Amino acid sequence: MDFSKFLADDFDVKEWVNGAFKVAQQEAPGRADAHAATLVMKLQLFIQEVNNSIEESSIQALQNMPRVLRDIEALKQEASFLKDQMIMVKEDIKKFEQDTVQSMQVLVEIDQVKSRMQLAAEALQEADKWSTLSADIEETFKTQDVAVISSKLAAMQSSLAMLVDTPDYSEKCVQLEALKNRLEALASPQIVSTFNTLSTDQAKLFVRVFTEMDRMPQLLAYYYKCHKVQLLNLWESVCQSDAPLKQQLSEFYDTLLSTWHTQLQWTTQVFKNPYEVVTVLMIQTLGAMVPSIPITITAALDRCPAESRLDTLLELHQTAANFSRSLETAMQPHLNECNLLKVGELVSSVYSPYKNYQMLYGDLEETNLLIQLSAVPLERGEVLDCVLELTHSVQKVFGLAAAAVDRCVKLTDGLGVCGLIKALRALFSKYVSDFSVTLQSIRKKYRLEDTPTSEVFTEDWTAFQNSIRIIATCGELLRQCGAFEQQLSNKILGKAGRFLWEGFNPRSLSGLQEGGAERRGQKNPWQEYNYLQQSSTADYNNLLETLHTLKEKGTGNSSLLSETRAALTRLNQQANQLAFDSVFLQIKHQLCLISKPEGWSSAGLGETLTENLPTFSLSPQECITNIGQYIMSLPLHLEPFVTQEDPALELALHTGKLPYPPEQGDDVPELENTADYWLGSIARATMQTYCDVILQIPELSPRATKQLVTDIDYLSNVMDALGLQTSRTLQNITTLLRSKPEEFRLTAKPLPRRLSSTIAAMRGIEY
């Protein structure tokens with residue numbers, strides 16, 4: 001048996017017993033009782049054996065205990081003895097220090113005297129050396145050997161450092177500087193020749209010489225001047241060519257880039273900090289160009305027509321951007337070896353000619369967009385041509401807006417967002433204004449405001465169909481405006497969002513300062529160039545607030561073009577009103593015929609019959625039947641609202657609001673269906689206008705009253721046939737017209753008093 005499992009931490013009694021019986025069942029099936037008895041006996045024997053082992057171990061431990069106690073006592077005595085010895089040693093050391101402190105002080109003073117004497121001796125030697133060198137220097141200059149003269153001057157400078165406290169120290173300094181100037185003047189022709197021919201060995205010699213003289217800045221000035229003159233002469237010759245400025249700048253930038261690579265390869269062998277040296281060469285060259293880049297850009301833009309000025313500026317800026325990217329690529333692997341402050345100056349030198357234009361980007365873009373918009377015609381001679389131009393203008397105006405966004409990214413790297421938004425608002429504002437003027441022109445062409453000159457009734461649905469196309473155009477404007485606004489928000493955050501740091505709070509001035517410090521700590525000046533922050537803190541803070549708002553609200557809920565959306569909604573409302581008025585025009589013309597006074601006088605109606613003539617013997621007037629037939633044909637023309645799958649039209653119709661909404665308390669299910677909504681609005685307009693016309697009738701004879709009731713009943717039947725409710729005012733008028741004179745007062749009691757008074761006056765009833 002394996003009893004080792006009893007020692008395991010995860011020992012399980014049931015598992016062990018089951019395992020033991022499982023083995024027994026395999027070896028001797030059916031003998032579980034016998035195996036259990038054997039297993040119990042073995043366990044008892046094992047327990048007895050363990051007990052014996054524990055007892056033996058206990059006895060042995062008890063026997064060893066006295067010896068352990070004795071060892072502990074001996075160790076304790078030895079520790080006490082060691083402690084006493086340590087105390088004695090400490091006292092001996094203390095006594096030794098007290099006895100020798102005076103002797104050590106004397107030794108220290110002697111050592112200080114020795115050091116001072118050595119310094120004095122060295123100073124005397126250097127003073128004597130200065131005298132010797134100053135006496136021999138003239139002979140050395142006669143040799144014209146720059147290296148020898150330099151070593152002599154270096155030795156004189158070392159000697160002079162030891163003579164700081166001498167009375168004539170300042171005179172010696174002046175003398176030494178004069179000697180250095182003589183050496184520099186002597187070597188200057190050789191230095192210029194060396195840098196022009198790129199002689200490495202000679203250059204190394206001059207670097208060593210000028211380093212010893214502490215005049216490296218003067219040597220670098222020779223280097224910059226030699227190569228700067230060559231580059232500036234090249235620029236002057238390029239400017240004299242007839243090539244366009246873009247080509248001139250590209251050619252000069254290519255030369256600068258080539259110079260960067262060749263000079264970096266050479267200066268690496270000569271100077272300790274080659275990247276800084278070549279960077280400064282680029283900075284000085286860009287700053288000394290004649291004519292300067294800003295002047296050439298201004299001249300080029302002045303020669304351009306206004307509509308292409310911004311595109312020309314973008315092309316010129318692109319040449320600088322290409323040069324910048326090439327330099328960044330060349331520097332990137334060794335950026336940690338560069339002087340980042342100088343690299344930042346170089347970036348500013350490359351882009352500074354465009355800074356003023358970038359700051360004015362919003363105004364430039366607005367002018368450019370308005371010029372381009374003026375080339376998008378909306379007004380034409382024929383109405384159908386106007387409708388087509390309005391439809392085609394949607395893609396054009398949003399194409400202009402998208403191109404403006406691309407220009408903003410290219411010219412300002414996203415920093416001109418606020419100017420872009422201002423320009424886009426101006427673009428859409430002018431477009432909406434032109435669109436609105438065109439709608440007003442269409443209204444005049446349809447003579448929607450004119451008084452009818454003919455009583456002939458004609459059904460012409462062309463105006464309505466054209467108006468529906470205009471409404472669909474407005475819907476497309478609304479749809480594309482929403483999509484464009486989201487795309488604009490995404491692009492702004494994607495491009496300019498890197499300028500917004502974590503934890504930015506527009507209400508915290510310290511947050512702005514911390515963020516600025518954080519951004520200045522970035523490692524790549526090419527990526528961190530920020531003309532806006534350098535030029536206008538207020539404009540930069542406005543940009544950050546705009547970005548913060550976009551990030552907080554999300555690009556789907558931005559309000560960048562909220563004014564534009566509101567203007568387009570008003571434009572859509574205007575288009576809906578145009579469509580409504582074009583449908584209602586014929587109804588309005590027919591209703592105008594009803595209000596003529598002679599139509600309701602006794603003579604006008606041929607009042608020769610008795611007043612007791614039954615109402616059913618009368619027929620509705622032709623103008624009323626014309627209106628009824630016209631309204632009955634409306635569902636046929638409104639059916640496309642239901643069947644046509646046009647998201648833009650559906651959006652415009654749901655956004656727009658029609659006049660004559662349902663009366664409060666009416667059960668109107670029509671709002672769910674656009675066609676029913678339009679039919680209901682036109683019907684309510686008809687009834688309201690009809691009521692107004694009736695109340696303008698000066699006099700009603702009994703015969704005319706019955707005729708009017710017949711007309712109203714006919715119109716009410718038309719409304720019922722279409723599933724529409726007759727207006728309360730028209731119902732009240734019918735009730736008052738049906739009322740007998742003697743019952744009029746009682747009938748009018750629950751009705752509006754003003755209405756009752758008007759009807760009573762028309763019928764000549766005392767009320």
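This is a short look at how helix α22 packs against two other helices, α21 and α25.

First, the ground rules. We are looking at a predicted model, where local features need pLDDT of at least 70, side-chain atom pairs count only at pLDDT 80 or more, and totals for chains, interfaces and linings use all residues. Residues are numbered from 1 along each chain as its sequence is written, and side-chain values use heavy atoms, with hydrogens and water left out.

Helices here are DSSP runs of H or I, at least four residues, numbered from the N terminus. Axes are lines fitted to C-alpha atoms over the stretch in contact, and angles run from 0 to 180 degrees between N-to-C directions.

Start with α22, residues 622-638, and α25, residues 674-695. Their angle is about 165°, and their axes lie 9 Å apart. The pair is therefore roughly antiparallel (over 145 degrees). On the α22 side, the contact (heavy atoms within 4.5 Å) uses I624, I627, I631, L634, P635 and L638. From α25 come A675, W678, L679, I682, T686 and Y690. That contact has 11 nonpolar residues, one polar and no charged. Nonpolar means Ala, Val, Leu, Ile, Met, Phe, Trp, Tyr, Cys and Pro; charged means Asp, Glu, Lys and Arg; the others, Gly among them, are polar.

Now α21, residues 562-594, against α22. Again the angle is about 165°, with axes 9 Å apart. So α21 and α22 are roughly antiparallel. Here α21 brings S582, V583, Q586, I587, Q590, L591 and I594. They meet C623, I624, N626, I627, Y630, I631 and L634 of α22. The split is 10 nonpolar, four polar and no charged.

Conventions. Parallel < 35°, antiparallel > 145°, perpendicular 65-115°, else oblique.
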